[in-house]
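Reader: I would like a close look at one part of this model, and then its surroundings. Please keep it brisk.

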Amino acid sequence: MNWLAVRSIYLFEMNRWRRTIVQSIVSPVISTSLYFVVFGAAIGSAISAIDGVAYGAYIVPGLLMLSLLTQSISNASFGIYFPRFSGTIYEILSAPVSPFEIVLGYVGAAATKSILLGLIILATAALFVPIRIDHPFVMVLFLVLTAATFSLFGFVIGLWADGFEKLQLVPLLIVTPLTFLGGSFYSIGMLPPFWRTVSLFNPVVYLVSGFRWSFFGRADVSVGLSLGMTFLFLALCLAAVTAMFRTGYRLKA
Amino acid sequence: MRPHEFEPGAASDAVIAIEGLTKTYKSGFQALKSVDLTIRRGEIFALLGPNGAGKTTLISVVCGIVNPTSGRVRVNGHDILTDYRAARAQIGLVPQELTTDAFETVWNTVSFSRGLFGKSSNPAHIERVLKDLSLWEKRDNRMMTLSGGMKRRVLIAKALSHEPQVLFLDEPTAGVDVELRQDMWRLVRALRDTGVTIILTTHYIEEAEEMADRVGVISKGEIILVEDKAELMRKLGRKQLTLQLQAALPAVPASLGAYDLQLAAEGTELTYTYDTKAERTGITSLLRDLSEAGIRFRDLRTRQSSLEEIFVGLLKEQA
């Protein structure tokens, strides 16, 4: 195991994050704060509690999940796409590093950034609405698992994309709508039966539900199922990355 | 056996052994056709070839950037596929394109390369490399603020950061000024003196002529020749004897028709081209026949054909 290489890639990526701190942290924190102001303090005060949780607090796990998903994908996809775009990927490919080590460095850094950002957003949310965390260990487990899984997903997108436009395609056109429709702002129990069934095909429902359970002990689907679905998606992403490295897809001619 | 074929007996002397290497891209283009090549430890090997001949593909396969279709490559006995860590750890690559991390500082990007190759931090070594390449003053500059020549130096520094045994230089002096080219040649020689094997591809024949111990010529994916540079020039080099005449000649006299003679400089220069490989060069008889024809000359000089002329000749032969 070439730990020094993993460390180098990890620190290189973290350094890039530090250089773009405004774009990386301040921007998502401000946009999330706006959600709390609008949906929590302004509109939220007119909405009754859901499952016994005040609406402002109820949307915290969903909003955190929204940031976690988009930032994980964005960090990891850009991290691997940019060296491909600029050509500096030659150095990674010619170094004595295994695909696993490359993924560990890039995805580890992307997940770290997302987790830190998630914690900052959580602290920001606490300024606007009262928050309680009933199951902190499960909360951290979901935070880490989701960050790692979607960073891996972002890595896959970064390998697949052949232009900057495609980098934005999946997060904007697929992930964000799925998150909005995945119970971030409501309980899927509030939907008519047909749409409730349709929602169960949305993987983000399981993430938001499990994450919300760790906060308030309330969930749309069972926590075990949420964890299972997260692990399933993690396994799918791992399989995709493995296949991509094995075939050299978009990396090696 | 052709001179470039792999010789198992010479394996201990071989730092890179390539056997039957083939690369066919998805488009169907066959970039390498069963290439056999042995690079000797500690030599400077120049790989010459026109655009699209397969030089960069060959380097890319050895370095792990391109997957081979078939064949085997070993670096110091380590297979590049089954023992890729050991193989790659010994190689430094300076790519043709100026691909750099625009926002990183020189120091950080060179240090990153060292870590990537599994070497623990060694600021003294990085400092030495940067100083050798006249980059020390620029160590805190971001890459995007550097000139093209400086970026080229940084790429070399990155390749040397992990103390490789083999250094690939893919068109190292493309687009750099004369001063930097001379600096690089000095550096390459200094590296060779420390035992580093250097393989360079180049379009500049004078670069190979100036530096290489051996020369390989690749064309259309095939190695068509590998030879010691001096031997190559001796074997294939044609020499020219130029005589500056006392009086201009209107034409080459018919009595000298047996010789390969050309008149130039308004009839005041007579050039005789001869083959150094021939048993007799014909110079003695030419001088005698010139004397008999009453042609006097003031001065004479000889000139060996350049590697470039040899290279062009080889490619013409192949075509």
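Author: UniProt, in an unreviewed entry, lists "domain: ABC transmembrane type-2" for residues 19–248 of chain A. The model shown is predicted. Over residues 19–248 of chain A the chain is 78% helix and 0% strand. The end C-alpha atoms of that stretch lie 31 Å apart.

The whole of chain A follows suit. Chain A holds ten helices and zero strands. Read from the N terminus, its elements run α-α-α-α-α-α-α-α-α-α.

The same kind of record goes into finer detail. The unreviewed UniProt entry marks "transmembrane region" at residues 21–43, 55–82, 115–133, 140–161, 167–186, 198–215 and 221–245 of chain A. Take two of these. Residues 55–82 of chain A are 100% helix and 0% strand. Their end C-alpha atoms are 40 Å apart. Residues 167–186 of chain A are 70% helix, again with 0% strand. There the end C-alpha atoms are 29 Å apart.

Now the overall form of chain A. The C-alpha trace spans about 60 × 35 × 35 Å along its principal axes. Its radius of gyration is 19 Å, which agrees with the value near 18 Å for a compact globule of 253 residues. Of those 253 residues, 54% are buried. Contacts reach far along the sequence. Among those in chain A between residues at least 6 apart, 80% join residues at least 24 apart. The exposed area of chain A is about 10,800 Å². Carbon and sulfur atoms supply 73% of that area.

Chain B brings in strands. Six of them form an open sheet with mixed pairing, in the order β6-β7-β8-β3-β9-β10 (chain B). The edges are β6 (91–94) and β10 (222–228) of chain B; each has a single partner strand, so one side of each is left without a neighbour in the sheet. On average, neighbouring strands of this sheet are turned by 15 degrees against each other, direction ignored. At the β10 edge, six bridges join β9 (residues 214–219) of chain B to β10(B), and the two run antiparallel. One pair there can be named: V215(B) has E227(B) in β10(B) as its bridge partner.

Two helices that pack on this sheet deserve a look. Helix α1 (residues 55–63) of chain B touches β3 (44–48), β6, β7 (166–170), β8 (197–202) and β9 of chain B. Its direction makes about 150 degrees with that of β7(B). Helix α5 (residues 148–160) of chain B packs on the sheet too, touching β6 and β7 of chain B. The direction of α5(B) makes about 170 degrees with that of β6(B).

How enclosed is α1(B)? Eight of its nine residues are buried, so α1(B) is largely enclosed by the rest of the structure. The buried residues are K55(B), T57(B), L58(B), I59(B), S60(B), V61(B), V62(B) and C63(B). After α1(B) comes G64(B), with a positive phi near 95 degrees.

Chain B has another open sheet, with four strands. Its order is β12-β13-β11-β14 (chain B), and the pairing is antiparallel. The edge strands are β12 (261–264) and β14 (297–304) of chain B, each paired on one side only. From one strand to the next, the twist averages 20 degrees.

Strand β11 (residues 238–245) of chain B pairs on both flanks. Seven bridges join β11(B) to β14(B), and the two run antiparallel. Seven bridges also link β11(B) to β13 (residues 269–275) of chain B, in the antiparallel sense. Residue L243(B) takes part in both pairings. In β14(B), its bridge partner is L300(B). In β13(B), L243(B) stands opposite L270(B). Another pair joins Q240(B) to R303(B), which stands opposite in β14(B).

A hairpin completes the tour. Strand β1 (residues 14–24) of chain B runs antiparallel to β2 (residues 30–40) of chain B, with seven bridges between them. One bridge pairs T24(B) with Q30(B) in β2(B). Five residues lie between β1(B) and β2(B). In that turn, G28(B) has a positive phi of about 100 degrees.

Methods
Residues are numbered from 1 along each chain as its sequence is written. Chains are lettered from A and ligands numbered from 1 in the order in which they are written. This is a predicted model: local features need pLDDT of at least 70, side-chain atom pairs count only at pLDDT 80 or more; totals for chains, interfaces and linings use all residues. Side-chain values use heavy atoms; hydrogens and water are left out. Two strands pair if DSSP finds at least two bridges between them. Axes are lines fitted to C-alpha atoms, for helices over the stretch in contact, and angles run from 0 to 180 degrees between N-to-C directions. The radius of gyration is taken over C-alpha atoms; the globule rule is 2.2 Å times the number of residues to the power 0.38. Buried means under 20% relative accessible area, exposed over 50%, partly exposed in between (1.4 Å probe, protein chains only). Contact means heavy atoms within 4.5 Å. Accessible areas come from the Shrake-Rupley method with a 1.4 Å probe; for residues, only the protein chains shown count as cover. UniProt positions are given in the numbering used here, feature names are shortened, and annotations may be inferred rather than shown by experiment.
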